Amino acid sequence: MSKVSRVKGTQDFLDLELYNFIIDKVRDHLLVYYFTEIATPILEHTALFTRSLGEHTDVVSKEMFTITTEHDDNLICLRPEATASIARAFIENSVTTTPWKVFTHGPMFRHERPQRGRYREFHQVDMEIIGSKSVAQDVHLIKMLDRLFHEQFQIQEYALLINFLGCASDRVSYEVGLKKFLDSLGDALCDTCLVRKEKNILRIFDCKNPTCQSLYLDAPYITESLCSQCVGEWQQMQDQLSLLSVSFVCKPTLVRGLDYYNKTVFEFVSNALGAQSAFCAGGRYDGLVGLIGGKESHPSVGAALGVERLMIILESFRNELQLPTLPVLHAMMPLSEKQQSLALLLADLLQAAGFAVELFLEGDSLKSMMRKANKMGAGYCLLLGDDEQQENMVTVKNMVNGAENRVPQVDVVKHLKL
Ligand code: ATP
Ligand code: MG
């Protein structure tokens, strides 16, 4: 029969050591900043994302995994991101204590062209601060992330890019000016930019076409058309980041792919990732809660960390990471089938006392069991043959120095604890 393969763009993780290391470190770090861990469903109504991310964003227009149900007006989908879900959970559960500082992690789904660092099912850690209007909160969040990457993960080379998209009215007037500028370029733009000009104008800056990019060097920048309050906040953000010794680069063309962002936007990028350079991204989204039905305004800020991309970065210096050490392994070896029951009992005794035990039950020769134990990096082998069985003993072989001891079975826990 032909084999059934993985769905395109998905991965099997046969070793979760690095993945779990990342999640554990992030969890510990976020608790220091008083975030609470939550979980929301992977299935959501498609409308949640069309309304919040924007119909003309890449994620909604091209990348959604939508599940057709009998009721067409009630489409559901596999979540492409978690911010909208968290905002929905905030409203739906009538959370009243703000700022609501929460994080979650898990799989996200986007129908993209798979490549290194880009999958159709990928994982994010998502952290959100719902109901907080101060720019200082953005600074606090960014500093928290910078400390995470620098201190917890010891990543040496990465950059933080920031930009400020202003408030809703700044954006409207800026978009008018940008449209005028683009119109003046006529057909010189690529087809994608011509569409984006009409549908999602800020995204023209993400164009990969070198001709477009050189034309946009003369484009007006949003930070040049901020209202006085936003000018103040943008300056405050830069000043406070400097105060906290966070290095950053202002990138006036950083706009982010989702419509709900306003004011602060940022990305952490690394050269180790090639074209998919961003491993964490976020920003402020003051209007999102209102867009999905919140009664009051709840200005918010958050970020999402791409776990697979962080894994790529960490893989290059995995040996230097302080990955959790595995417990010493004890290989329990019945030398024939007759000793299997005894081996089961003795393994149970050791496991109850907290020792890690691998029990060899396949009837292999001693030589082959020893080879396997070596490969597993076992610290001790416990041999049970006819002699041991008759004398209620077990032979304990120290795999590091080769020393062998015959120990009464009743004393084996005591012996191994020494
Ligand atoms: P990109 O520009 O790389 O497509 P994005 O702007 O679409 O990223 P966000 O929606 O901001 O990404 O998601 C936050 C982070 O999640 C990204 O910075 C990235 O690290 C990760 N990420 C996004 N899409 C994917 C994907 N398809 N596969 C793996 N990681 C992803
Ligand atoms: Mg994307």
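This passage describes the surroundings of ligand 1 and the enclosed cavities in a predicted model.

The shell around ligand 1 was examined first. It holds 15 residues. Of these, Arg110, Glu112, Arg118, Tyr119 and Arg256 come nearest to the ligand. By class, the shell divides into seven nonpolar, three polar and five charged residues. Three strands each supply at least two residues of this shell: E6 (121–130), E10 (278–284) and E11 (300–306). Strand E10 gives the largest share, with four residues.

Polar contacts with ligand 1 involve several side chains, including those of Glu112, Gln124 and Arg256. In the side chain of Glu112, an N or O atom lies 2.6 Å from a nitrogen atom of the ligand. Gln124 places a polar side-chain atom 2.9 Å from an oxygen atom of ligand 1. For Arg256, the distance from a side-chain N or O atom to a ligand oxygen atom is 2.3 Å. Ligand 1 has 580 Å² of accessible area on its own, and the protein covers 87% of that area. Glu112 and Arg256, which make two of these contacts, are also listed among the nearest residues.

Empty space inside the protein was considered next. Rolling a probe the size of a water molecule over the atoms shows where such space is left. The structure holds two cavities of 30 Å³ or more.

The largest cavity contains about 50 Å³ of space. Its lining includes the leucines Leu165, Leu202 and Leu258. Val255 and Tyr261 also line this cavity. So do Arg171, Arg203, Asp259 and Asn200. Arg256 completes the list. This residue thus appears in two settings: it lines the largest cavity, and it belongs to the shell around ligand 1. The lining of the largest cavity divides into five nonpolar, one polar and four charged residues.

The second largest cavity has a volume of about 30 Å³. Tyr33, Phe35, Lys101 and Ile129 are part of its lining. Gln137, His140, Leu141 and Met144 line this cavity as well. Helix H5, spanning residues 135–152, gives the most to this lining, with four residues. By class, five residues of the lining are nonpolar, two are polar and one is charged.

Note on methods. Residues are numbered from 1 along each chain as its sequence is written. Chains are lettered from A and ligands numbered from 1 in the order in which they are written. This is a predicted model: local features need pLDDT of at least 70, side-chain atom pairs count only at pLDDT 80 or more; totals for chains, interfaces and linings use all residues. Side-chain values use heavy atoms; hydrogens and water are left out. A residue is near a molecule or strand if one of its heavy atoms lies within 4 Å of it. A polar contact is a pair of N or O atoms within 3.5 Å; within protein, one must be able to donate a hydrogen and the other to accept it, and residues adjacent in sequence count only if both atoms are side-chain atoms. Accessible areas come from the Shrake-Rupley method with a 1.4 Å probe; for residues, only the protein chains shown count as cover. Ala, Val, Leu, Ile, Met, Phe, Trp, Tyr, Cys and Pro count as nonpolar, Asp, Glu, Lys and Arg as charged, and the others, Gly among them, as polar. On a 1 Å grid over the protein atoms alone, a cavity is a set of points where a 1.4 Å probe fits but cannot get out, and a pocket is an open set with protein on both sides within 12 Å along at least five of seven lines; lining residues have an atom within 4 Å of a point. Grid points are joined across faces, edges and corners, and a volume is the space filled by probe spheres set on the points.
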